[in-house]
Amino acid sequence: VKVLYLGGSIYESIGGLDQIVPGKSWISIDLSSLTTGNQGSGALGTGNNPTAMLRLLALQGNKVTSLGPSSVGGVSVQGYSVKFNAATLKAQLVRAKLPSWMAALVDKINIQSASNTVYVDGSGLLRRYSLKVTETVPSAGKVTVDESLDFSNYGTPVSATAPPSDQVDKQRTFQTGMRGS
């Protein structure tokens, strides 16, 4: 999956998408449609501070474990594993004031397990983020998502452009088409 974040939208290029939506190789998601007014700055109101976020997760009943020092891309890091309480996670999703289409999807998901692994460098910068979620979805049965993202080249200018609009299907249009299928 190739992902671009530009100007408040995420564009995802997913292999095989053109088999579901002919002529389209990208889906766009307008992030402003997913936010609520009371979220504070950064994820969970932690100001994008990974250490503060780990502390907050531990206070919410999740199990945070130090993995010790290692390296990511040649940079020394400290690793942490976060095992989420599935029932608490589901309850938080229900209370999250999600858009109605997303709330309807979340309602059908049974989260069996969820965990993160994060690696933070000495400057507090996130260097690797891994997510593993196992859930049961009525339409597909048991589904496991296992992804990892590495972050590097902090401070280096980036140039990116959105994919051509004729190759992009808006996320809501895609969902409507999937329901029809």
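**Aromatic pairs.** I began with the rings, and my search of the whole structure, a predicted model, came back with 0 aromatic pairs.

**A charge over a ring.** Next I asked which residue has its charged end over the ring of Tyr119. I found Arg128 there, with its charged end 6.0 Å from the ring centre.

**Nonpolar surface.** I then went looking for patches on the outside. I noted a nonpolar one of about 320 Å², made by Leu125, Leu149, Phe151 and Tyr154.

**A closer look at Phe151.** Where does Phe151 lie in the chain? I placed Phe151 in the loop that joins strand S8 (141–150) to strand S9 (168–170). I also checked its cover: the relative accessible area of Phe151 is 32%, so I list this residue as partly exposed. That value is over the 30% asked of a patch member, and Phe151 is indeed one of the residues I wrote down for the nonpolar patch.

**Fold at a glance.** I counted 5 helices and 9 strands in the protein. Reading from the N terminus, I get the order β-β-α-β-α-β-β-α-α-β-β-β-β-α.

**Burial and surface.** How much of the protein counts as buried? My note says 25% of its 181 residues. For the surface, I have about 11500 Å² exposed, with carbon and sulfur atoms supplying 54% of that area.

**Contacts along the chain.** Last, I looked at contacts in the protein with a separation of 6 or more. Of these, 45% come from residues 24 or more positions apart.

Note on methods
Residues numbered from 1 in each chain as written. Predicted model: local features only at pLDDT ≥ 70, side-chain atom pairs only at ≥ 80, totals over all residues. Heavy atoms only, no water. Phe/Tyr/Trp six-rings, centres within 6.5 Å; stacked < 30°, edge-to-face > 60°. Lys NZ or Arg CZ within 6 Å of the ring centre and 35° of its normal. Patch = residues over 30% accessible without salt bridge, like charges linked within 9 Å, V, L, I, M, F, W, Y side chains within 5 Å. Areas by Shrake-Rupley, 256 points an atom, 1.4 Å probe, with all protein chains shown as cover. Salt bridge = Lys/Arg side-chain N within 4 Å of Asp/Glu carboxyl O. Helix = DSSP H or I, 4+ residues; strand = E, 2+ residues; numbered from the N terminus. Buried < 20%, exposed > 50% of the residue type's maximum accessible area, 1.4 Å probe, protein only. Contact = heavy atoms within 4.5 Å.
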